Amino acid sequence: MTTSSRPGIPQPEACKTMQDVRAGVDALDRELVALIAERARYMEAAARIKPSRDVVRDEWRINDVIAKVTAEAGKHGLAVEIAEPVWRELVERSIAYEFSVWDRTREG
C-alpha cells in the first residue's frame with residue numbers, strides 16, 4: 001500500500017527522502033499527542049470516580065493494560081521491545097497524573 005490516510009504524507013514503504021520520513025513522523029506525532037490527551041481525560045475521569053486515593057494505583061489493571069498492548073502490538077507488527085517500555089512509562093505517568101488530579105479535586 002502506497003497511499004496514506006494522511007493527505008500528502010506517503011506510507012513508510014513509499015518514502016524516498018528523509019523529508020518524506022520526517023513529514024510522516026511529524027504527522028503521526030500530532031495524532032499521538034491528540035490521542036494521549038484524550039487518554040489523560042480518562043485518567044481525570046478515573047480520579048473523579050475512584051472513592052479513595054489508595055485505589056488509584058491498581059497493579060492488576062497495570063498488568064492487564066500491558067498484556068493487551070503487547071498483544072495488539074504483535075497484530076500491527078510493532079516490536080514488543082518498543083511497545084512494552086513505552087506503555088509502562090505511559091501508565092506510570094498516567095498514574096502520577098491521576099494522583100495529582102485526585103488530590104487537587106479533593107483539597108479542602
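Contact here means heavy atoms within 4.5 Å. Keep that cut-off in mind for the whole tour. The model on screen is predicted.

**Stop 1: V56**

Select V56. Set aside residues up to four places away in sequence, and V56 touches K50, I95, E98, F99 and W102. Show those side chains and leave them on. V56 belongs to the largest nonpolar core, and three of its contacts, I95, F99 and W102, are listed in that core as well. E98 and K50 come up again at the third stop.

**Stop 2: the largest nonpolar core**

Widen the selection to the core. It has twelve residues: A47, V56, I62, V65, V69, A73, A83, V91, I95, F99, V101 and W102. Now colour by helix. α2 (59-76) and α3 (80-105) each supply at least two of these residues. Which helix gives the largest share of the core? It is α3, with six residues.

**Stop 3: E98 and K50**

Stay on helix α3 and pick E98. Is E98 buried or exposed? E98 counts as buried because its relative accessibility is 3%, and the cut-off for buried is under 20%. Now show what surrounds this side chain. Beyond four places in sequence, E98 touches M43, A46, A47, K50 and V56. Of these, A47 and V56 are members of the largest core.

Next, draw the distance from E98 to K50. The two form a salt bridge, with the closest N and O atoms 3.0 Å apart. This pair links distant parts of the chain. E98 is in helix α3, while K50 sits in the loop between α1 (18-49) and α2. The two residues are 48 apart in sequence. K50 also touches V56, the starting point of this tour.

**Stop 4: salt bridges within helices**

The structure holds ten salt bridges. Two more are worth a look, one in α2 and one in α3.

Go to helix α2 and select K68 and D64. They form a salt bridge whose closest N and O atoms are 3.0 Å apart. Why are the two separated by about one helical turn? Because they are four residues apart in helix α2. Turn on the surface and compare the partners. K68 counts as exposed, at 51% relative accessibility. D64 counts as buried, at 17%.

Move to helix α3 and select R93 and E89. Their salt bridge has its closest N and O atoms 2.7 Å apart. Again the spacing is four residues, about one turn of the helix. R93 is exposed, at 59% relative accessibility. E89 is partly exposed, at 40%. Then add R57, E59 and E92 to the view: salt bridges that share partners join these three into one network.

**Stop 5: the largest pocket**

Clear the salt bridges and show the largest pocket. About 530 Å³ of space lies in it. Select its lining: L32, L35, I36, R39, H76, L78, I82, A83, V86, W87 and L90. One of these residues, A83, also appears in the largest nonpolar core. α1 and α3 each supply at least two lining residues. The largest share, five residues, comes from α3. What is the make-up of the lining by class? There are nine nonpolar residues, one polar and one charged.

**Stop 6: L90 in the pocket lining**

Pick L90 from that lining. L90 is found in helix α3. At 19% relative accessibility, L90 counts as buried, given that buried means under 20%. Leave out neighbours within four places in sequence, and L90 is in contact with I36 and R39. Both partners line the largest pocket too. Now draw a C-alpha to C-alpha distance from L90 to I36. It reads 9.0 Å, for two residues 54 apart in sequence.

**Stop 7: the second largest pocket**

Finish at the second largest pocket. About 330 Å³ of space lies in it. Of the 13 residues that line this pocket, select the ones closest to its centre: R6, Q11, P12, G24 and L28. By class, its lining has seven nonpolar, three polar and three charged residues.

Key
Residues numbered from 1 in each chain as written. Predicted model: local features only at pLDDT ≥ 70, side-chain atom pairs only at ≥ 80, totals over all residues. Heavy atoms only, no water. Core = buried A, V, L, I, M, F, W, Y, C linked by side-chain atoms within 4.5 Å. Buried < 20%, exposed > 50% of the residue type's maximum accessible area, 1.4 Å probe, protein only. Salt bridge = Lys/Arg side-chain N within 4 Å of Asp/Glu carboxyl O. 1 Å grid on protein atoms, 1.4 Å probe; cavity = no way out; pocket = protein on both sides within 12 Å on 5 of 7 lines; lining within 4 Å. Points joined across faces, edges and corners; volume = space filled by probe spheres on them. Nonpolar A, V, L, I, M, F, W, Y, C, P; charged D, E, K, R; others polar.
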